Every structure is written in structure tokens, then in C-alpha cells.
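Please open the model in your viewer, with the sequence alongside, and keep a selection tool at hand. The tour moves from one selection to the next and says at each stop what is there.

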Amino acid sequence: MGKIVEQWAAAYQGGTSDKVWAGAYTDDGIFLSTWGRRGSNLQQGVKPLGSVAAASKEYQKKVGEKKSEGYTQVGFNDSYYQVRSFDPTLVAAAPKPAATPAPAPLYLTSHVTACDERALKQYLEMPSYGLSEKVNGERTVLSYDGKTLKAFNRKGQPCATVPSGAQPLVYLGCPFVIDGERMGADTFVAFDLMEWDGKDVKAQPFSQRIATLETAMQQHNLIPYASSVYGDVPCVGQFPTGVKLLGVECDSERKRELFAYLQDTNREGVILRQLDAPYEVGDTKYSRKFKFLADIDVIVTGFRPGIATGSVNTGLVRKSDGYLIDTGSVRSGLRDKDIEMLAKLIEAGQFPVLKVTYLPIRTTGVKLVEPRTSIKELRTDKTAAECTTDQLGEDKAAMIAAEVGRPFLDAAGQIIQLRGQRETLWD
């Protein structure tokens, strides 16, 4: 491996999170990273990119992502953060940055949990639940104090920019905090209200919060009606169409019609919200999501020879005993050189993490049906130990418990290196 050209370490502390991340790149084109919970045995990543220019680009991109997520720079080899330098000589030659914790998040958001098809059918028939589209954007909270419009990410940290399409919201005429999704730079889709006219409204029922927001947006000609997020009806009035309010259907028949429409038009999925519920921070029991095409983060556990360079094996950790459960293999979306790179990481004792999409409606067991991924979905911010079977949903708990796995985590939650670094699981 060549010499380190540049390196950067950072930490994030907020809520239950206490994490560190560091990256570097070499003059022979390798991007290096390390990450995990502060004080634990950190995961290591090695990503050959072929040239110093490509490695530098990857490094700059990852550092930018971490800064936008709220990570704050810390010093290498600091006794508190315990992030080792990729090259100790660089630390000796440069002053160590001050080790300051990341700022506390200003706005904490709700996290919608998944439901299975059986629960979905029940919610569709319950008048106490409304149905809306699950839009595929970037979670964004907008705050307006009467003078300045600001944006915050899903972790409550400030964003560098506000979606340009959201600017007309300042004409609502009072301070607010709105929860929604950034759909690129030009569109903001609102779906809940956290503060209104200087008051915290999270304790109000969802139906009251969304009615307040809908009425205000209609009175100021920002939307023609609440369901404008789908369909091709343009917004009216003097403002652009960049602001939308996510429509909610409550009638059982109209909920089924909307569900069919969204599924037929290849949308991501649906959200079911309890109409009389407050806004709950964290994993909320009042809202559920159902994706037509699901995605989970899996551990790359080995590789299988086959046509061309074959495929890679995947697995998840069973939380009850720390065993590794086989979720099948994936090839679609990976090139030969991608699989070769993943194989090198496996042979070096690493367990890379990939985001994989699959068809949940046809995945009756724990083996993913029609899985697809990309080397771009290689996660450098998530450890193998964090990839648990909980992602498959509660309805598969009995199947997961019955699966024959292999020891993967010890009692402390650390990865067990089985029979040396070159083991290929499920040959």
C-alpha cells in the first residue's frame, strides 16, 4: 500500500448515538475508512479505486457526507475518541484538532416502522388510519422563525441549503416547523406539522395538525388540494409548484384505490398514519410503512464461483444469539470487478455491508427474492454487527428463530473471526 495523502477523523454524538468515523486515501489509489461505536473495535474498509484522483474524489465525497450528517472533526489517537491514525507520522507533523463533541440535534423526528402485508390489509379497512404515498426523497425538517427559513436533516443537524421549492412557505405568515421530504433541489413535500405560530403542536392529533397545515397552504395559494403530491394537477396562484402537501385518504374504498394506483405506477410504497395520534419522536407506534420494493442492509459473507465471477453470499445477524443467518446470494447489479473487489475484502478478513433491494411480497422465507444491488450501495457508515434480522419484519420472527445459523458475534457484540481470515461462508 502507498503513502497516505490525506486523512480525516470525526465523531457524532446525539440521542443514543456515539459514533466515530475516519477516512484517508493513498498515493496508489486506495480509499481507507474506519467506523463504529466509540470505544469499540472499529470496522475497517479498504476500497481500491485505481488512481489517486479517484481515491481523492471518494475521500472528499465521504468527508462531505459526514459533515452534512452532523459529524465534527476530532483528533487522531485521542484517548477519548480512540481513532488510530492511518499514518502516525502525519499526526506528529500536524497539530491535533480540538476534540469537541458534535452539537446536540435541534429537531428530533419520528421514524416510521415497517408492517407486513397482513397488517397492511387491516389498516386499509380501519377508519382510524389514513393512507398516503411514501415518497422517495431525503428527510428534511423546515424551520421558520419569522425571518429565516432553515433546513435540518433526519438527525436534527443543520443542512447547508434549503430546497428552493420550499421558499414560498415563508408566505404562510407565522413561525413554523414542518416535517417532510426534500425531492431534489426544487421540490419539498410536507407531511406533518411539529410547531405552528410559535407553539409546539406535536401533542395534537395528526388529523388536526395536517388540517392546520392544509388550510394555511390553500389560503396562500401554495396548493390546490392536499393530494397534489400525486397526479399531474398543477398548483394554482402566483407561487411555483415546488411545495406540495402529502394527501391522506381515510375512506376504505378510496384507500384501496390509492394503494392500487401507487402500486401500478411503480411508487416506493405507502404510509399508514393513525389519525388521532400525536407526533412521536423516534420509532413511532402510530405510523407504519409498506414498501412495494423493500431494501435492507446485508453482510457480504463470502462469494460463490459461477458464470463470470459468480455472486456474493449475504447474511444477517440474529439478535437473540448473535448467529449469522443466510439470506441467499446476489449477482444482479454487480460487475465482475465489483465482485472481485468484494472477494478481496472478504479474504482480508472484512465483512462489507451492502444495501440490497428485493421483492418482499414474494420473499416468503429469509432468502431474498430477486435481490439487486450495486457497488455504489457499499456502506462505509454501517457495521456488520448492525445488520440484524429485525429488518425482515416481525412476521418472519418464527422463521428466523428456526433457521440454522453460525456463530458470528460474541457476548460483547464483536465479530468472531471464524477459522482465520480467508473463510468463505456457505460454500
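Begin with helix α6, and colour Asp338, Ile339, Met341, Leu342, Ala343, Leu345 and Ile346, which are buried in α6. Bear in mind from the outset that this is a predicted model. An α-helix has 3.6 residues a turn, so residues three or four places apart point the same way. To see what lies over the buried residues of α6, add the strands β4 (43–48), β16 (294–304), β17 (311–318), β19 (353–358) and β20 (378–379), which are among the elements that cover them.

The length of this helix can be checked in the viewer: α6 takes in the twelve residues 336–347, which at 1.5 Å a residue should span 16 Å, and the distance of 17 Å between its end C-alpha atoms agrees with that. Just beyond the helix, select glycine 349, which follows α6 and has a positive phi, near 90°.

**From α6 to the strands over it**

Keep β16, β19 and β20 in view. β16 and β19 run antiparallel and are joined by six bridges, and one place to look is alanine 294, which stands opposite tyrosine 358 in β19. β19 and β20 are likewise antiparallel, with two bridges between them; here valine 353 has arginine 379 of β20 as its bridge partner.

**A lysine in a loop**

Now follow the chain past β20 to lysine 396, which is found in the loop between β20 and α7 (397–402). Is this lysine buried or exposed? With a relative accessible area of 8%, lysine 396 is buried, because the cut-off for that class is under 20%. Leaving aside residues up to four places away in sequence, lysine 396 touches Thr363, Thr364 and Gly365. A polar atom of its side chain lies 3.4 Å from the backbone oxygen of threonine 364. The C-alpha atoms of lysine 396 and valine 366 are separated by 7.6 Å, although the two residues are 30 residues apart along the chain.

**A four-stranded sheet and its helix**

Next, select β6, β15, β14 and β7, which in that order form an open sheet of four strands with mixed pairing. At the edges stand β6 (110–114) and β7 (129–134), each having a single partner strand, so that one side of each is left without a neighbour in the sheet. From one strand to the next the twist averages 40°.

Zoom in on β7 and strand β14 (residues 269–274), which run antiparallel and are joined by six bridges; within this pairing, tyrosine 129 stands opposite glutamine 274 in β14. Helix α3 (residues 117–125) packs on the sheet, where it touches β7, β14 and β15 (282–291), and its direction makes about 55° with that of β14.

**Aromatic pairs**

Turn on the side chains of the aromatic residues; the count comes to eleven aromatic pairs. One of them joins tyrosine 123 and tyrosine 129, whose rings are tilted, with 4.5 Å from centre to centre and 40° between the planes. Tyrosine 123 counts as buried at 14% relative accessibility, and tyrosine 129 counts as buried at 8%.

Then move to phenylalanine 259 and phenylalanine 292, an edge-to-face pair with 5.3 Å from centre to centre and 80° between the planes. Because phenylalanine 259 lies in helix α5 (residues 252–264) and phenylalanine 292 in the loop between β15 and β16, the pair ties together parts that are 33 residues apart in sequence. Both phenylalanine 259 and phenylalanine 292 are buried. Add Phe290 to the selection, and you have a cluster in which ring pairs link Phe259, Phe290 and Phe292.

**A lysine in a helix**

For the last close view, go to lysine 62 in helix α1 (residues 52–68). Lysine 62 is buried, with a relative accessible area of 9%, and, if residues up to four places away in sequence are not counted, lysine 62 touches Trp21, Phe31 and Thr380.

**The whole chain**

Finally, zoom out to the protein, which has seven helices and 21 strands. Of its 427 residues, 50% are buried. Among the contacts in the protein with a separation of 6 or more, 60% are between residues 24 or more positions apart.

Methods
Residues numbered from 1 in each chain as written. Predicted model: local features only at pLDDT ≥ 70, side-chain atom pairs only at ≥ 80, totals over all residues. Heavy atoms only, no water. Expected span 1.5 Å × (residues − 1). Buried < 20%, exposed > 50% of the residue type's maximum accessible area, 1.4 Å probe, protein only. Contact = heavy atoms within 4.5 Å. Pairing = 2+ DSSP bridges. Polar contact = N/O pair within 3.5 Å; in protein donor to acceptor, adjacent residues only side chain to side chain. Axes fitted to C-alpha atoms, helices over the stretch in contact; angles between N-to-C directions. Phe/Tyr/Trp six-rings, centres within 6.5 Å; stacked < 30°, edge-to-face > 60°.
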